[in-house]
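Work through the exercises below with the model open beside you. Try each task before reading its solution.

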Amino acid sequence: MDSLALFCTGALIAGGIYWFVCILGPAEQRGKRAVDLSGGSISAEKVQDNYEQYWSFFRRPKEIETAEKVPDFVDTFYNLVTDIYEWGWGQSFHFSPSIPGKSHLEATRLHEQMAVDLINVKPGDRILDVGCGVGGPMRAIAAHSRAKVVGITINDYQVNRARMHNKKAGLDSLCEVVQGNFLEMPFSENSFDGAYSIEATCHAPKLEEVYAEIFRVLKPGSLYVSYEWVTTDKFKSSDPEQVEVIQGIERGDALPGLRNYTDIAETARKVGFEVVKEKDLAKPPAQPWWTRLKMGRIAYWRNHIVVTILSALGIAPKGTVDVHEMLFKTADYLTRGGDTGIFSPMHMILCRKPEKTEEISSS
């Protein structure tokens, strides 16, 4: 009887561990397992050093205000967080409004499909994904529109992940991924039928520089849509608590500095775009985009325990626990930004490159 009780107890514990790690642990799309967490292109023994290097950028803030320093800053960040994002969130590294009756995955896909619907592309058109990550939006958009999507990301590890996912999804004929800096894109002028960026251009030190590059590579008459991270009209720079929230978001998401919503359309017009539409997709009647963060707090704690154990066993690189803790704290800042309404990750702007363009002064 004692042996049977011991056996049953052991089986229950083993089953609980399996359920805790393997069933609850992965993201909605199982692109990454906890035991495979890495530092991206960074060797395992250098993850801790690179984490400390990432934080050193904030001790020298002027260095993240120049185009020369930002690629290294953002590349380091995505080497550190890409696997954790995939494992704990999914293959689409962005937010979307909650939709009653729809799962987070379904809401994400609808948010992505809306972007390509806004730019009116046809099957076979060549469109640009500016800051494509591991390609979650790219695949949803290619499957939905049948357009040929070219994505660009600064991070070489993400290029390899995206190509693997594209092939696995059977979409590699429609999806191409290029490693490069979106401030200096390796594409010819007037070569794309449309473009979109989903919560990506916030990493640019100057929005004007990336918008000018997108303008350059678009064909005349083509449309570009972007979902921008911004501070809203509710943000008061004189409020220390609000400033803490915004700075917490910046530090935890590799941002040179969040822009105010009023800067977006002004910048687009400055580089030559016509602004077709502008709307904060986070505002009511949209449902809160941060609901998933609130609901995921138990999952964050669960995942943190898993990461801590894997790191202690030497399976996850040293420094992974620090990175996960940083993201956990950032999630709290993001939630507070959403709750108070001072921050939006989906200020949408739809622009058109005029049929006839004049050279825009760089001054």
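**Exercise 1: Two helices in contact**

Task: Find the angle at which α3 and helix α6 (residues 156–168) pack, and say which residues meet.

Solution. This is a predicted model. Step 1: the angle between α3 and α6 is about 35°, and their axes are 9 Å apart. Step 2: on the α3 side, the residues in contact are Asp75, Tyr78, Asn79, Thr82, Asp83 and Glu86. They meet Asp156, Tyr157, Gln158, Arg161 and His165 of α6. Step 3: sorted by class, this contact of α3 with α6 holds two nonpolar, four polar and five charged residues.

**Exercise 2: The largest cavity**

Task: Describe the space inside the largest cavity and the residues around it.

Solution. A general point comes before the steps: rolling a probe the size of a water molecule over the atoms shows where empty space is left. Step 1: count the cavities of 30 Å³ or more; there are five. Step 2: the largest cavity contains about 430 Å³ of space. Step 3: its lining is made of 25 residues, and those nearest its centre are Tyr85, Trp89, Phe95, Asp253 and Leu327. Step 4: at least two lining residues come from each of α3 (70–88), α11 (297–312) and α12 (320–340). Of the contributions to this lining, that of α12 is the most, with six residues. Step 5: by class, the lining of the largest cavity has 16 nonpolar, seven polar and two charged residues.

**Exercise 3: The second largest cavity**

Task: Repeat the description for the second largest cavity.

Solution. Step 1: the space in the second largest cavity is about 360 Å³. Step 2: 27 residues line the second largest cavity, and Tyr78, Gly131, Cys132, Ala200 and His203 are the closest to its centre. Tyr78 also appeared in Exercise 1, among the α3 residues that meet α6. Step 3: α3, β2 and β4 each give at least two residues to the lining of the second largest cavity, and α3 gives the most, with four. Step 4: this lining divides into 14 nonpolar, 11 polar and two charged residues.

**Exercise 4: Strand β1**

Task: Is strand β1 (residues 126–130) largely enclosed or open, and which strand is it joined to?

Solution. Step 1: buried means under 20% relative accessible area. Four of the five residues of β1 are buried, so β1 is largely enclosed by the rest of the structure. Step 2: β1 is joined to β2 by five bridges, and the two strands run parallel. Step 3: take Asp129 as an example; its bridge partner in β2 is Gly151.

**Exercise 5: Unusual backbone angles**

Task: Locate Arg146, Asn190 and the bond between Pro284 and Pro285, and give the backbone angle for each.

Solution. Step 1: recall that most residues other than glycine have a negative phi, and most peptide bonds are trans. Step 2: Arg146 is not a glycine, yet its phi is positive, about 60°. Arg146 sits in the loop between α5 (136–145) and β2 (148–153), and its relative accessible area of 43% makes it partly exposed. Step 3: Asn190, also not a glycine, has a positive phi of about 55°. The loop between β3 (175–179) and β4 (192–198) holds Asn190, which is partly exposed at 36% relative accessible area. Step 4: the peptide bond that joins Pro284 and Pro285 is cis, with omega about 15°. Pro285 lies in the loop between β7 (274–280) and α10 (291–295).

Terms used. Residues numbered from 1 in each chain as written. Predicted model: local features only at pLDDT ≥ 70, side-chain atom pairs only at ≥ 80, totals over all residues. Heavy atoms only, no water. Buried < 20%, exposed > 50% of the residue type's maximum accessible area, 1.4 Å probe, protein only. 1 Å grid on protein atoms, 1.4 Å probe; cavity = no way out; pocket = protein on both sides within 12 Å on 5 of 7 lines; lining within 4 Å. Points joined across faces, edges and corners; volume = space filled by probe spheres on them. Nonpolar A, V, L, I, M, F, W, Y, C, P; charged D, E, K, R; others polar. Axes fitted to C-alpha atoms, helices over the stretch in contact; angles between N-to-C directions. Contact = heavy atoms within 4.5 Å. Pairing = 2+ DSSP bridges.
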